[in-house]
Amino acid sequence: MLPITITRTSTPKEKPKDESKLDWGGTFTDHMFLCDYSTEKGWHDARIVPYAPFPMDPACVVLHYSQTIFEGLKCYRRADGALQLFRDKDNFARLARSAKRMGMPEPDGETFREGMLKLLDLEQDWVPRNRGTSLYIRPTMIAMDEKLGVHAADKYLFYIILSPVGAYHAGNVNIFVEDQYVRAVRGGVGEAKTGANYAASILAGKLAEEKGCGQVLWLDGVTRKNVEEVGSMNIFFVYGDTLKTPALNGSILPGITRDSVLKFAEHLGLKASEETIALDDVLRDIRNGSLTEAFGAGTAAVIAPVKSFIYQGETYRVGDGKTGKHSQKLYDTLTGIQWGTLPDREDWITRL
Ligand code: COI
C-alpha cells in the first residue's frame, strides 16, 4: 500500500444547515483523495488535499474519448452516531472490473480503500444525521494523457470526492420506455460503470422529462423487445410473491443494490428470478393485474417504486401507483441494515 499524505484545508466550508433540504450531488466536502498513475511509475503520490478544481490539458484523453470509470457508495450515520459503509469492498471489486473493460490500469484497491477511509475520517462531521440522508462517495478514474490519437492512455488520475445527499427521487417514479435509442449492446461497455453509458442516456432522459418521466427504461439493443435497466438503477417487477429482474447479459450494470435485493428475497420469503423479460409481457401483466409492483434498485435511488411506465403514448399504471408492500419491505430491510437498525447477516457492513 502506498503512503498517503494529508494536507488540511485552512478554509473549511459551512456544512448544510437543514438536512431535510439536502440536494443530490451538488454539495461537496472540504477534502478529496487523489492518486496519480503513469506507465513508468505505476500508482504514486496518494494524497488527501483540500477540495478544489484540478488542472486539465484541453487535449486530455478523458475529455475527448470518455475513458473514465466511477463508483457510487454511501457512508451512513447510525442512531448512536457511529459511521458505517455498505458493501464497500464490492464497489472496489466492480471498479477493477470496469477498469479492465475500459483498458485502464488495475486500480490500487488497497491504497484507494485506505484513502477513502482516511478521507471519511477527516470528513466525518459531514455525514448527515437525518434518516434518509447519507454521505455519497464517488471514486472516479480518468485518462489524463494530452494526446488526440485514440489510444489507451499512459497517465491516469484516480480521485474520491464526497457529497452529503438526501433522496435521489422526490417520490415514486414515472418511467419512459425508450424504443428508439439504446443504452448498450452485448460486447459493448454496458456492464462497466463508465461515463460513456451515462452520456449515451442523456438525450433520451431529456426527452423523457418533457413527457413527465423522471427515468428511462432501456430495452435490449438488438431486438428492442426485452427490458434491460433504467440507467441510474436496475429494474425489478413483482408478481405476487415473486421478484423478477432481467438476467445480467453483458449489457446490464451488475448493481450492488440489485444483488442485495436478490439476497434479501430469500430471507423475506420471496422467490427471486433473473431471466429474460419481454416488454410485451410486462405491459400485458400490468394491464391484467398479475404484475403488482415495480421498483428500481440502486445506490443513489435505493428502492424507488415505479408509479407508471409510458410506452408509445400509453400510460401503464402499476397497481394503484403507490408504494407496494414488497417494495416497502425491501426498502425497510435495505435501509435498516445500512443505518444499523437491523442486523447485518451477510457481513456487508464496514464499521468506521
Ligand atoms: C449510483 O447509484 O451510485 C449511481 O452511480 C447512479 C448515478 C449515476 C446517479
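This is a short tour of three helices, H5, H7 and H3, in a predicted model.

Begin by selecting residues 256-267, which form helix H5. This helix has twelve residues and reaches 17 Å from its first C-alpha to its last, a span close to the 16 Å expected at 1.5 Å a residue. Colour the buried positions next, and you will pick out Ile256, Thr257, Arg258, Ser260, Val261, Leu262, Phe264 and Ala265. Just beyond the helix, look for Gly269, which follows H5 and has a positive phi, near 70°.

Now add residues 325-338, helix H7, and turn the view until both helices can be seen: H5 and H7 pack at an angle of about 110°, with their axes 11 Å apart. Because angles of 65 to 115 degrees count as roughly perpendicular, H5 is described as roughly perpendicular to H7. The crossing of the two helices is right-handed.

To see what makes the contact, show the side chains of Thr257, Ser260, Val261 and Phe264 on H5, together with Leu330, Thr333, Leu334 and Ile337 on H7. The residues of this contact divide into five nonpolar and three polar, with no charged residue among them. As for the spacing along each helix, an α-helix has 3.6 residues a turn, so residues three or four places apart point the same way.

Finally, move to residues 109-122, helix H3, where the 14 residues should span 20 Å at 1.5 Å a residue, and the end C-alpha atoms are indeed 20 Å apart, which agrees. Select the buried residues of H3 to finish: Thr111, Phe112, Arg113, Gly115, Met116, Leu119, Leu120 and Leu122.

Definitions and conventions: Residues numbered from 1 in each chain as written. Predicted model: local features only at pLDDT ≥ 70, side-chain atom pairs only at ≥ 80, totals over all residues. Heavy atoms only, no water. Axes fitted to C-alpha atoms, helices over the stretch in contact; angles between N-to-C directions. Helix = DSSP H or I, 4+ residues; strand = E, 2+ residues; numbered from the N terminus. Parallel < 35°, antiparallel > 145°, perpendicular 65-115°, else oblique. Left-handed = near helix turned anticlockwise from the far one by under 90°. Contact = heavy atoms within 4.5 Å. Nonpolar A, V, L, I, M, F, W, Y, C, P; charged D, E, K, R; others polar. Expected span 1.5 Å × (residues − 1). Buried < 20%, exposed > 50% of the residue type's maximum accessible area, 1.4 Å probe, protein only.
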